[in-house]
Each structure stands twice: as C-alpha cells, then as structure tokens.
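Biologist: I would like a close look at one part of this protein, set against the rest of the chain. Please keep it brisk.

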Amino acid sequence: MAIRIRTVGDTVVALCAAETDKKEGDIYLDDNIHHALMDKFCHELLDYPRDPVAESQKLRDAEEELNKWLADQKIKTEADGVNVEGLKPCRQCGEKEAISKVKCFGNQPGVQCNSCCVLLGPYDIIEEAVEAWNLWSDGEFVSEN
Ligand SMILES: [Zn+2]
C-alpha cells in the first residue's frame with residue numbers, strides 16, 4: 001500500500017495513501033518503496049530473511065558498526081574524564097560510572113551518585129544539573145536552587 005509522508009505541525013507521520021488526499025509538501029512512496037521499507041523493517045524488527053537483492057548490497061554489519069562506535073565513545077568519554085552520561089566522578093566517593101541524571105522532588109532534574117547516594121539538585125533544567133555536578137566534581141562550589 002502506498003504511503004504519504006506528511007509533516008503535521010512538528011510531527012512527521014506515515015499515512016495510507018488510499019485513506020488520504022495529496023497535500024502540498026507530502027512525500028509519496030509508491031508500492032515498490034513500501035515493499036523495500038517493509039523488507040528492511042521485517043528483517044530488523046522481526047528477523048525475517050532479507051530480500052536477496054537488498055542483501056546483495058550489504059557492505060558491513062550494523063551490529064559490528066554499532067559496537068565499534070560504542071567503543072569509540074567509551075574511549076572519548078574516558079579521555080574527557082566523564083562517564084557515558086557526560087558526568088564526572090563523584091567528589092565524595094570517587095565513583096566514576098554509577099553517576100546518573102535523575103528526577104528529584106517529583107520531576108525536577110538532578111544528578112546522583114548511585115554508590116554513595118549524594119544528590120545535587122533540584123535544578124530547572126538537566127543541563128544546569130550536569131554543569132553543576134561537573135563543577136562540584138572539579139571542586140568548585142556551586143549553590144543549588
Ligand atoms: Zn559517590
């Protein structure tokens with residue numbers, strides 16, 4: 001079934017072409033493109049065998065590429081002295097990995113060490129909490145809200 005890709009406000013939706021009329025800005029995907037997308041999604045999400053023509057175009061394995069990328073990210077974050085969430089070690093206990101962005105007092109952003117439970121927050125936005133945590137980690141005083 002053909003598809004119309006349409007942007008409604010800030011949302012991009014995929015619509016059944018038979019159930020909708022063409023509008024300016026729509027991207028129309030015919031039955032061949034729909035088949036190609038279904039082949040990709042069914043292979044990736046449901047582990048169906050790939051269309052042989054599509055399979056013949058494969059140059060590298062996505063999982064291996066993802067693992068390489070993750071390893072590169074780990075090297076970069078270690079060089080920056082931050083964990084995968086961009087957070088520096090806990091100044092109180094020295095924990096490096098188990099530092100995470102949390103919601104405190106209901107829904108306000110903060111950062112917590114899951115090892116010694118020290119918590120910085122609440123802040124108005126998560127970026128502010130991360131900056132405060134990293135400054136605190138470096139030994140600089142930061143007043144909380
Ligand atoms: Zn700690």
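Which residue follows helix α3, and is its phi positive or negative?

Modeller: The residue is G81, and its phi is positive, near 75°. Bear in mind that this is a predicted model.

Start with the helix itself. α3 covers residues 62-80, which makes 19 residues. From its first C-alpha to its last it reaches 27 Å. That is close to the 27 Å expected at 1.5 Å a residue. How many of its residues are buried? The number is zero, so α3 lies largely in the open.

Now place α3 in the chain. The protein has four helices and six strands. From the N terminus, the order of elements is β-β-β-α-α-α-β-β-β-α. The radius of gyration is 23 Å, well over the 15 Å that the globule rule gives for 145 residues, so the protein is more spread out than a compact globule. Along the principal axes, the C-alpha atoms fill a box of roughly 60 × 35 × 20 Å. Buried residues make up 12% of the 145. Take the contacts with a separation of 6 or more: 23% of them link residues 24 or more positions apart.

Next, the strands β1, β2 and β3. They form an open sheet in the order β2-β1-β3, with antiparallel pairing. β2 (11-16) and β3 (27-29) stand at the edges with a single partner strand each, so one side of each has no neighbour in the sheet. On average, and ignoring direction, neighbouring strands here are turned by 25° against each other. β1 (residues 3-8) and β2 are joined by six bridges. Within that pair, T7 stands opposite V12.

Then comes the other strand group. β4 (residues 99-104) runs antiparallel to β5 (residues 108-113), with six bridges between them. I99 has C113 as its bridge partner. Three residues separate β4 from β5 in their hairpin, and F105 in the turn has a positive phi of about 50°. β5 also pairs with β6 (residues 119-120), again in the antiparallel sense, over two bridges. There, Q112 is partnered by L119. The hairpin of β5 and β6 has five residues between the strands, and C117 takes a positive phi near 70°. So G81 can be set beside F105 and C117 for comparison: G81 has a phi near 75°, F105 about 50° and C117 near 70°.

What about the interior? The largest nonpolar core has eleven residues. They are L87, C90, I99, V111, C113, L120, Y123, A129, V130, A132 and W133. β5 and α4 (126-137) each supply at least two of them. α4 gives the most, with four residues. I99 and C113, the bridge partners of β4 and β5, both belong to this core.

Last, look at one core residue. Leaving aside residues up to four places away in sequence, L87 touches V82, I99, V111, V130, W133 and N134. Among these, I99, V111, V130 and W133 are also listed in the core.

To recap: α3 has no buried residues, and G81 follows it with a positive phi.

Conventions: Residues are numbered from 1 along each chain as its sequence is written. This is a predicted model: local features need pLDDT of at least 70, side-chain atom pairs count only at pLDDT 80 or more; totals for chains, interfaces and linings use all residues. Two strands pair if DSSP finds at least two bridges between them. Axes are lines fitted to C-alpha atoms, for helices over the stretch in contact, and angles run from 0 to 180 degrees between N-to-C directions. The radius of gyration is taken over C-alpha atoms; the globule rule is 2.2 Å times the number of residues to the power 0.38. A residue is buried if 20 or more other C-beta atoms lie within 10 Å of its own, exposed if 12 or fewer, and partly exposed in between; C-beta atoms are placed from the backbone. Two residues are in contact if their C-beta atoms, placed from the backbone, lie within 7 Å. The expected span of a helix is 1.5 Å times one less than its number of residues. A nonpolar core is a set of buried Ala, Val, Leu, Ile, Met, Phe, Trp, Tyr and Cys residues joined through C-beta atoms within 7 Å.
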